[in-house]
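Okay, thanks for squeezing me in. I'd like to walk you through the charged pairs in this one, so let's get it up on the screen.

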Amino acid sequence: MAMSPVARGSTVEAVVDRIQAEVSGGAWRVGERIPGELDLAARLGVSRPAVREAIRALAHVGVLEVRR
């Protein structure tokens with residue numbers, strides 16, 4: 001899966017939008033693990049904390065489920 005870097009502006013919002021688009025577009029099946037924070041950060045050209053915050057926001061609204 002090829003993801004391009006996000007545009008400048010609100011980085012967290014851009015990451016949220018990109019991950020949500022990938023999820024709704026079927027890039028990952030329900031229950032499937034998404035790439036890790038470091039991998040997503042590298043693919044999107046953003047910092048790991050921005051990815052972490054985006055994942056937290058998506059988990060809060062029920063798009064993702066965080067498991068340890």
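So, confidence to start with. This is a predicted model, and the protein chain averages a pLDDT of 89, with 93% of the residues scoring at least 70; pLDDT is the predictor's confidence in each residue, from 0 to 100. Among the chain's elements, helix 3 has the highest mean pLDDT, 96, and helix 1, residues 11-24, the lowest, 93. By helix I mean a DSSP run of H or I, at least four residues, numbered from the N terminus. And a general caution: where pLDDT is low, don't read the predicted coordinates in detail.

Quick ground rules. Residues are numbered from 1 along each chain as its sequence is written, and side-chain values use heavy atoms, with hydrogens and water left out. Since the model is predicted, local features need pLDDT of at least 70 and side-chain atom pairs count only at pLDDT 80 or more, while totals for chains, interfaces and linings use all residues.

Now, how many salt bridges are there in the whole structure? The search finds five, where a salt bridge is a side-chain nitrogen of Lys or Arg within 4 Å of a carboxyl oxygen of Asp or Glu.

Here's one of them: Glu37 with Arg48, closest N and O atoms 2.8 Å apart. Glu37 sits in helix 2, residues 37-44, and Arg48 in helix 3, residues 48-60, so this pair ties together parts that are eleven residues apart in sequence. Arg48 is partly exposed, at 39% relative accessible area; that label covers what lies between buried, under 20%, and exposed, over 50%, with a 1.4 Å probe and protein chains only. Add Arg52, and you have Glu37, Arg48 and Arg52 linked in a network of salt bridges.

Staying with helix 2, Arg43 pairs with Asp39, at 3.1 Å between the closest N and O atoms. Those two both lie in that helix, four residues apart, about one turn. Arg43 is partly exposed at 26%, and Asp39 is also partly exposed, at 33%.

Then there's Arg67 with Glu65, 3.2 Å from N to O. Both of those residues are exposed.

Last stop, back to Arg52. Val12 in helix 1 is 40 residues from Arg52 in sequence, yet their C-alphas are 8.8 Å apart in space. What does Val12 touch, leaving out residues up to four places away in sequence? Ala50, Glu53 and Ala54, with contact meaning heavy atoms within 4.5 Å. Val12 itself is partly exposed, at 27%.
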